[in-house]
Amino acid sequence: MNPLKALNRHGQSVWLDFMRRNLIGKELTKLLDEDGVVGITSNPAIFEKAIGQSADYDQQLATLFAEGDRAPWSLFEALAIRDIQMAADQLRPVYDATKRRDGYVSLEVSPYLANDTEGTVTEARRLWKAVDRPNLMVKVPATKAGVPAIRTLIGDGININVTLLFGLQPYLDVAEAYMSGLEHYAETHDDLGHIASVASFFISRIDSAVEAKIDAKLKSGEGDAKALEQVKGKVAIANARITYQRYKEVFSTDRWGKLAERNAQTQRLLWASTGTKNPAYPDTLYIDQLIGPHTVNTMPPATMDAFRDHGTARTTIEDDLDGAARTLAALPKLGIKFDEITDKLVVDGVQLFADAADKLIEVVEKKRVKFLGDKLATLSAALPETLVKAVDAEAEAWRAGGRIRRLWARDKSLWTGADEEKWLGWLDIVPRLGNMIEKLNALAGEAARYKHILLLGMGGSSLGPVVLAQTFGPQAGYPRLHVLDSTDPAQIRAFEARIDLASTLFIVSSKSGGTLEPNILKQYFFERARTVVGDEVGKRFVAVTDPGSKMQQVAERDGFGHVFLGDPSIGGRYSVLSAFGMVPAAAMGVDTARFLDATQTMIRSCGPDVPPAVNPGLKLGLTLGVAGLPRQGDDHRRAGAGGFRHLGRTAHRGIDRQERQGADPRGRRAGRCAGGLWQ
């Protein structure tokens, strides 16, 4: 008999640790019929290979791209959810035949949420609803934040595959969370039989980590060499066997009996990471030695092939329990702190999953660029090789440290750790401008009656308008925008000579409203315009300032035609997408609604889930930062985040050249979005 299929006779379920779209259908049917496969697990690394190394998903991706801009993780989810639904439907007969014991397909919550309880719960609930299949298992890691999320989700009636288990105490915490969740669900429901869960132990990683410690000790001559060699390759199996004994104890208590009376299922142990990493070990080691009732073994295809070819199906999970206990007891005597190893394996596992997710999103984003032919040109083409290497090294540090996500999460530790989170309103300003569009359109209609716009500002508040004026230039039927940010008398006279006071709309731009220079410029041109237009002069002035500022009070006193309020959490140099940029843009005839809508493209391209290799905002910020700062300490890190604001000026200048040269409109759009977002 096929050894794989024979495992079921010993109470062990075989799940496939692999997913690919063309697997679903005939290939999966063969696995079900011939190998006795009764479930599937997936993870970001599996999907990264499936999407990146095949054309299976290209047709759906093309459709998704054509439908409009979506964040890369959202695109991946659309692909994954379709796979999971199709696989769940094909496994539904198994689910029904086994009375909901098997027939499951697992889908993982974002690994970026591993240390976020609330975020994990929210995402798991969303995935459960989106997949909408009773035989879905949502994968949640057994981190300190993950365990309370597991309890909540089980209490919701959601099936959970608990991942990244290595140690006995974390397993007991997970089992407690499962039972506690069931008890909560039982408060309002009679039948618990449709809730299922597995506790996934990652086997081979334990031996690899222990052996690394042993090899280090052997190399240094520390400890008993013979005793150290004797525990090699035995710890992971010993740990699993002892854990299985605790599983039996946990699910034989009176407490569990009360839940079992209401059809509750035990939370089975699942052996994961069962492909051997040490070539000195048999390739079926972690299958042969962990066979037993009420367990699951999820195998990658290569391990499945090996066991089918030469595996032996017999119950082994309780073999030599005394030897397993001795192996674990020997570790502290050998100077190996097993709890420290397993704790670190959880941290490392979270990082590995996040790394895989980064690669996955990079694959999806590269396909988007390929399909749409975007002109988001790589910066490295024209850079010196030494700078390219420095930027790539810093980009990898950003990726490994999750700094893009930390930036979007307003993590002030990216800078000095003081109060930087209070000044990051530019990150999400676009969605908050919806209520301003109608007022901007009204201003644009009024501005069309003028020949000139003179913006009076100083410092950061004038940078965005300068870029807008240089990028777009005069718009047909609208006034030309001039930006005066100097109190030099010669400059003031020169600007006054360029305009017709009777046909000029004045914009006074000052965040604080207390800066001396804009106030002086306002008063000078207010009085000069009064001599030409009389007491109606106030209607020709527009104020852009922060709420409650002195400038707001002056504008209301002097009867300004419009007062637009900025966002106190946005500094002047970052303010082009706030009122400080959009007011002059609207007045000069830029379609601000279209501009902001197009900006969403760049927001998504530079979002928290977009890795450095395909994140244009980060890449440009790092390039400018690495090129412009001494290469030491945390300067690069701050430069990468701070350098984002320079993208606006660079992109706008590039777009100006592209428009003159007749470049592809999608390239112009993307670059303009870059300028809009990252000024």
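**Exercise 1. Work out what share of the chain's residues is buried, and what its overall build looks like.**

Start with burial: in this predicted model, 57% of the 679 residues in the chain are buried. Next, turn to the secondary structure, where you'll find 29 helices and 13 strands. Then take the extent of the C-alpha trace, which runs to about 100 × 60 × 45 Å along the principal axes. Finally, look at how the chain meets itself: take the contacts between residues at least 6 apart in sequence, and 75% of them join residues at least 24 apart.

**Exercise 2. Describe the accessible surface and the charges of the chain.**

First the surface: the chain exposes about 28,200 Å² of accessible area, and carbon and sulfur atoms account for 51% of it. Now count the charged side chains, which gives 86 positive and 84 negative. Last, find the centre of each set; the two centres sit 4 Å apart.

**Exercise 3. Place arginine 21, decide whether it is buried or exposed, and list its partners.**

Step one is location: arginine 21 sits in the loop that links strand 1 (12-17) to helix 2 (26-35). Step two is burial. The cut-off for buried is under 20% relative accessible area, and arginine 21 has 11% relative accessibility, so it counts as buried. Step three is the neighbours. Leaving out residues up to four places away in sequence, arginine 21 touches Asp56, Tyr57, Gln60, Leu79, Arg82, Asp83 and Met86. Step four picks out one of these: the side chain of glutamine 60 makes a polar contact with the arginine 21 side chain, at 2.8 Å.

**Exercise 4. What is the sign of phi at leucine 164 and at serine 273, and where do these residues lie?**

Begin with the background: most residues other than glycine have a negative phi. Now check leucine 164, whose phi is positive, near 60°. Leucine 164 belongs to strand 5 (residues 160-165). Its relative accessible area is 1%, so leucine 164 is buried.

Do the same for serine 273. Its phi is positive too, at about 50°, although the residue isn't a glycine. As for location, serine 273 is in the loop between strand 7 (268-272) and helix 13 (285-288). With a relative accessible area of 14%, serine 273 is buried.

To wrap up the pair: leucine 164 is a strand residue, whereas serine 273 is a loop residue, and both have a positive phi.

Terms used. Residues are numbered from 1 along each chain as its sequence is written. This is a predicted model: local features need pLDDT of at least 70, side-chain atom pairs count only at pLDDT 80 or more; totals for chains, interfaces and linings use all residues. Side-chain values use heavy atoms; hydrogens and water are left out. Helices (H or I, at least four residues) and strands (E, at least two) are DSSP runs, numbered from the N terminus. Buried means under 20% relative accessible area, exposed over 50%, partly exposed in between (1.4 Å probe, protein chains only). Contact means heavy atoms within 4.5 Å. Accessible areas come from the Shrake-Rupley method with a 1.4 Å probe; for residues, only the protein chains shown count as cover. Lys and Arg count as positive and Asp and Glu as negative; His and the chain ends are not counted. The place of a charge is taken as NZ of Lys, CZ of Arg, CG of Asp or CD of Glu. A polar contact is a pair of N or O atoms within 3.5 Å; within protein, one must be able to donate a hydrogen and the other to accept it, and residues adjacent in sequence count only if both atoms are side-chain atoms.
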